[in-house]
Amino acid sequence: MNSSLIGKIEKAHRYAQERDRFAFSELRVVVRGDNDAHEVTLRDGRWHCPCDFFAGWGTCSHTMAVEHLLEGMVPEGGMATAGAS
Ligand SMILES: [Zn+2]
């Protein structure tokens with residue numbers, strides 16, 4: 001294999017260990033809940049989920065699950081604000 005490509009692969013492995021290098025600015029992910037699948041999106045720093053709970057609370061188990069999964073790489077959503085109010 002080309003030695004410069006090997007260098008890039010090694011660097012990629014190192015980067016992948018350092019979560020603070022990553023900041024998702026936009027995201028679309030389908031979360032398979034117990035009852036239904038929901039498409040959670042992150043756009044302009046704001047979370048959205050089409051489920052009923054999110055409509056009332058601005059947060060839900062689906063967005064919280066994705067936040068937890070990507071902790072440190074995505075903006076904090078309703079979890080923080082729900083605790084503060
Ligand atoms: Zn939801």
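Colleague: Among contacts in the protein chain between residues at least 6 apart in sequence, what percentage join residues at least 24 apart?
Modeller: Happy to start there, with the reminder that this is a predicted model. The count takes in contacts between residues at least 6 apart in sequence. Of these, the share joining residues at least 24 apart is 33%.

Colleague: In what order do the elements of the protein chain run from the N terminus on?
Modeller: The chain has four helices and three strands. Starting at the N terminus, a helix is followed by strands, and then come further helices. Written out, the order is α-β-β-β-α-α-α.

Colleague: Is the protein chain more spread out or less spread out than a compact globule?
Modeller: Let's take the overall dimensions to begin with: the C-alpha trace spans about 55 × 30 × 20 Å along its principal axes. The radius of gyration is 17 Å, while the globule rule gives 12 Å for 85 residues. Since 17 Å is well over that value, the chain is more spread out.

Colleague: What percentage of the 85 residues count as buried?
Modeller: A residue counts as buried if 20 or more other C-beta atoms lie within 10 Å of its own. By that cut-off, the buried share of the 85 residues is 15%.

Colleague: Which strands are the edge strands of the sheet?
Modeller: Three strands form an open sheet in the order β1-β2-β3, with antiparallel pairing. Each edge strand pairs on one side only, and these strands are β1 and β3.

Colleague: How many residues lie between β1 and β2 in their hairpin?
Modeller: These two strands pair in the antiparallel sense over seven bridges. One of the links is between L27 and its bridge partner in β2, L42. The hairpin they form has a connection of four residues.

Colleague: Which residue in the turn between β2 and β3 has a positive phi?
Modeller: β2 and β3, the latter covering residues 46-48, pair in the antiparallel sense over three bridges. Here R43 stands opposite R46 in β3. The hairpin has two residues between its strands, and the one with a positive phi of about 50 degrees is D44.

Colleague: Which residues make up the covered face of strand β2?
Modeller: In a regular strand, side chains alternate between the two faces of the sheet. In β2, which covers residues 37-43, the uncovered face holds A37, E39, T41 and R43. The covered face is made up of H38, V40 and L42.

Colleague: Is E26 buried or exposed?
Modeller: E26 lies in strand β1, residues 26-32. Leaving aside neighbours within four places in sequence, E26 is in contact with L42 and R43. It has 9 C-beta neighbours inside 10 Å, and 12 or fewer is the cut-off, so E26 counts as exposed.

Colleague: What is the mean pLDDT of the protein chain?
Modeller: Confidence is worth a look before you go further. Over residues 80-85 the pLDDT is below 50, whereas 91% of the residues in the chain reach 70 or more. The mean for the protein chain is 90.

Notes. Residues are numbered from 1 along each chain as its sequence is written. This is a predicted model: local features need pLDDT of at least 70, side-chain atom pairs count only at pLDDT 80 or more; totals for chains, interfaces and linings use all residues. Two residues are in contact if their C-beta atoms, placed from the backbone, lie within 7 Å. The radius of gyration is taken over C-alpha atoms; the globule rule is 2.2 Å times the number of residues to the power 0.38. Two strands pair if DSSP finds at least two bridges between them. pLDDT is the predictor's confidence in each residue, from 0 to 100.
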